[in-house]
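Reader: I should be grateful for a close look at how the helices of one chain pack against one another in this model. Please state which residues form each contact and how far the prediction may be relied upon by its own scores.

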Amino acid sequence: MTIIDRGSDGTDLTLQGIGTPRYDREQRVGFFTDTSICIGCKACEVACKEWNDVPADGLNFLARSYDNTGHLSADTWRHVAFVEQPTTDPESARSGVRWLMSSDVCKHCTSAACLEVCPTGALFRTEFETVVVQQDICNGCGYCVSACPFGVIDQRKGDGRVWKCTLCYDRLRGGQTPACAQACPTQSIQFGPLEQLRERAAARIEALHDQGVDDAQLYGDDPGDGVGGFGAFFLLLDKPEVYGLPPDPVSTTRDLRTMFNAATAAAFGLLGIAAATLLGQRRG
Amino acid sequence: MVPDATPMSYYGQPILKPPTWKWPIAAYLFTGGLAAGTSLVGAAARLHGDRRLAGAASAATMSAIGVSAGFLIEDLGRRSRFHHMLRVVKITSPMSVGTWIFSIFSSLAGASAVAEIGEKVGVPARVARPVTAVGQVGSALVGPALATYTAVLLADTAVPAWHEARRDLPWVFAGSATASGGAMGILLSTLAPLDPSDGFASGPRRMAVVGAALEVGADEAMHRRLRAVATGDTDKPDIGAAYTSGSPRVLAGAARAASVTGAATVALAGRRDRPRTRLLAAAGALLVLAGAALERFAIFHAGKASTTDPVYTVGPQRLRLVPPARRP
Ligand code: SF4
Ligand code: SF4
C-alpha cells in the first residue's frame, strides 16, 4: 500500500491534517481534537462503535441539546458534547445561541492514574505510548475507575471488566489512522505523532487569537500539567468544565509518597499503642 | 427550550465516575481492620502466656480474614480471575501492595491456627508450639500494615473526599482497627473469663479505649482538613460537605456516638476483669465495634457522594487555577 501524504506540489499534507500521517513504533501518537471546527455530526462516535464493536448503550432521550449519549462510558469511547450558550454576538443574532461542540475521548495521560493503580497489570502502555486495557487480564476490580480524574474508564455491566478507548491499537499496529479521526469530515479530530500535533495546535490557537477568538484555549497540551500532558488533547472555546472536563486534573499517584508515609506512620502508631496497652502492665 | 449549561459542569453531570465498589468493600475495611487488631491481642496474649485467649484470638482473626477474602472476591467484576491480583507486584498500586500484605498476613495467621489445631490432634508440642507462636506474632507484626494500607487504597483515587483526606485517613483507620481489636479482646475474654487476678485482662480494655479515642480524634482532624478545601459553591462550600448531607451524615454521626459511648462504657467498667463489670465492658465493646464499622461506611459513602456532585471536582480545581483574590 502506498501512502500518499504529499500534495502534487510536494507539500506535506499531514501537517494540514489530511491524509494518513506517518508514524513509527518509537513515536508517541495521539489526538488533537480541535473543537472550533467540530460540526457535531457524531461520525466519530459511530465509527468508533463500528470498528471496535462497542455494544449499544441504550436509546436514551436526555434533553441535552443534540446529545443523547451523555458521557464517556464503558460503551462510549467517543462522546460529542453539545452546549448551547446564549450570546449577543451579531453573527448568531438570529438564533441568539452559540454552539459549542466537542468530541471527548480518553486522554491517554502521560501519568495515567488508571494504569498506575491497576493491580493486575491489565492496563499497560503500548509501544505508541497509549494506554490500553488487556481484556484477558482485567478482573474488574474497579480501581482504575476511581483513579481516572476525567471519569473516562468504566465497568461494563454484565461483563464485569472495564473498557475504554484503545486509540485503535489494532489499527495503529497496522499502520492505520484510528477510526474516529479517519471518519471525521472536518479534521476536528486530528491524529498523528504528538510532537507534530502540539506544533499544529500552537499555530492554530495563535491564528484564532489573532482572529479575536479570545476564549479559545488549549487543554492538555502542556507536559507540565497535573497528568504530565495528555496524549489526546483539545482546543476548546470555553472553560473545560463547560464541556464536562475537569479544569485542573492531577494524577492521584503524584501524592503516593505522602500517602504511604502517612500510612507507615499510622501503622507504627498502631503497633505502639497495641504494645503499650497490651504489654504495658505485666504482672505475675 | 434547552436548559442552560451551568458553568460548573456539563448539564450538571458528574465529572468523575462513581466508584464501582459496593458495600462488601466498605465491610472489608472494617473486617480487615478487625482482623489486624485482633491479631495484636492474640500475639500479646501468646507472649503473656495466656494460651486460652491467644487461641480464641487466633480463631477470631482467621474468621475475620476469611470473611474479608470473601468480601474482596465478591466485589470483583470477574470473580474467577481474583488470582490475577498475584500476577504482579506493583508498588504504584496500593491494591497490589495490599494484596501482598493480605496474603502474607493470612498465611502467617493461617499457619499459626493450623499448628494449634495440629497440637490438639497429636502433633508434638515441641513442633507445633513454635509454629503457633511465630505465626501469631508474625501476623501481628504485619497487622498494622493490613489495617492502614486500605487508607492509601481509598486516598489514591480521584475521589475528592478520599484523596483530600489522605493525611488523616491512615490514622482514622489505625484508630478504628485498634479499637476493634481491643473490643474483640474484651468479648473473647467475656466468653472465656480470665483469671481476675491476671493483669492482662486490662489490656484489651485499654486498647479499645485508646483506639476509639484515636479514631474519633483523627476523624475530627480529617473533617477539619476537608472543610479547609473550598469549592466556591454556596450550598456546598467545601469538601467537608460530603459528610454533612445524606447518608454519610447519618452514618458519621452514628459512628461518633457509638464509639464515644462504647469507649466510655468500657472505661466505666474499669480496668479489672471482674464478674460484676464483665457484661458492662462487653456491651461497651459491642458499641465500639459498631462505631468502627459505621465509621468505615460513612467514609465509603462520603467518597461516593463526592464523585456524584461535580462541585467537589470542579470547585477546588477552579479555585486552584484562579485564587479568589484574583477573581474579578
Ligand atoms: S483519561 Fe483516565 S482512563 Fe484515560 S489514560 Fe487518563 S487516567 Fe487513564
Ligand atoms: S478493573 Fe481491570 S483494568 Fe481496572 S484496575 Fe482493575 S484489573 Fe486493572
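Author: The account below takes the helix packing of chain B, one pair at a time, after a word on confidence.

The model is predicted. For the complex, the predictor gives an ipTM of 0.93 and a pTM of 0.92. Chain B has an average pLDDT of 93, and 94% of its residues score at least 70. Among the elements of chain B, the highest mean pLDDT, 98, belongs to helix α5 (residues 160-163), and the lowest, 94, to helix α10 (residues 311-321). Residues 1-7 of chain B stay under 50 in pLDDT; the model has 11 contacts beyond four places in sequence for this stretch.

Helix α6(B), residues 169-191, takes part in two of the packings described here. Its partner in one of them is helix α9(B), residues 275-308. The two axes come within 8 Å and cross at roughly 150°. Angles over 145 degrees count as roughly antiparallel, and α6(B) is therefore roughly antiparallel to α9(B). The crossing of this pair is left-handed. On the α6(B) side, the contact includes Leu169(B), Val172(B), Phe173(B), Ser176(B), Ala183(B), Ile186(B), Leu187(B) and Thr190(B). On the α9(B) side, the residues include Arg278(B), Ala281(B), Leu286(B), Val288(B), Leu289(B), Glu295(B), Arg296(B) and Ile299(B). The residues of this contact divide into 16 nonpolar, 3 polar and 3 charged.

The other partner of α6(B) is helix α2(B), residues 51-74. Here the axes lie 10 Å apart, and the packing angle is about 125°. The helices α2(B) and α6(B) are therefore oblique to each other, and their crossing is right-handed. From α2(B), the contact draws on Leu53(B), Ala56(B), Ala57(B) and Ala60(B). From α6(B), Met184(B), Gly185(B), Leu188(B) and Ser189(B) take part. By class, the residues of this contact are 6 nonpolar and 2 polar, with no charged residue.

A further pair consists of helix α1(B), residues 23-48, and helix α3(B), residues 94-120. Their axes are 12 Å apart, and the helices pack at an angle of about 45°. That angle makes α1(B) oblique to α3(B). In passing α3(B), α1(B) forms a left-handed crossing. Helix α1(B) contributes Tyr28(B), Ala35(B), Ala36(B), Ser39(B) and Arg46(B) to the contact, while α3(B) contributes Phe102(B), Phe105(B) and Glu116(B). These residues divide into 5 nonpolar, 1 polar and 2 charged.

In summary, α6(B) meets α9(B) in a left-handed crossing and α2(B) in a right-handed one, and α1(B) passes α3(B) in a left-handed crossing. Charged residues are absent from the contact of α2(B) with α6(B), whereas 2 are found in that of α1(B) with α3(B) and 3 in that of α6(B) with α9(B).

Definitions and conventions. Residues are numbered from 1 along each chain as its sequence is written. Chains are lettered from A and ligands numbered from 1 in the order in which they are written. This is a predicted model: local features need pLDDT of at least 70, side-chain atom pairs count only at pLDDT 80 or more; totals for chains, interfaces and linings use all residues. Side-chain values use heavy atoms; hydrogens and water are left out. Axes are lines fitted to C-alpha atoms, for helices over the stretch in contact, and angles run from 0 to 180 degrees between N-to-C directions. Helices (H or I, at least four residues) and strands (E, at least two) are DSSP runs, numbered from the N terminus. Angles under 35 degrees count as roughly parallel, over 145 as roughly antiparallel, 65 to 115 as roughly perpendicular and the rest as oblique. A crossing is left-handed if the near helix is turned anticlockwise from the far one by less than a right angle, and right-handed if clockwise. Contact means heavy atoms within 4.5 Å. Ala, Val, Leu, Ile, Met, Phe, Trp, Tyr, Cys and Pro count as nonpolar, Asp, Glu, Lys and Arg as charged, and the others, Gly among them, as polar. pLDDT is the predictor's confidence in each residue, from 0 to 100.
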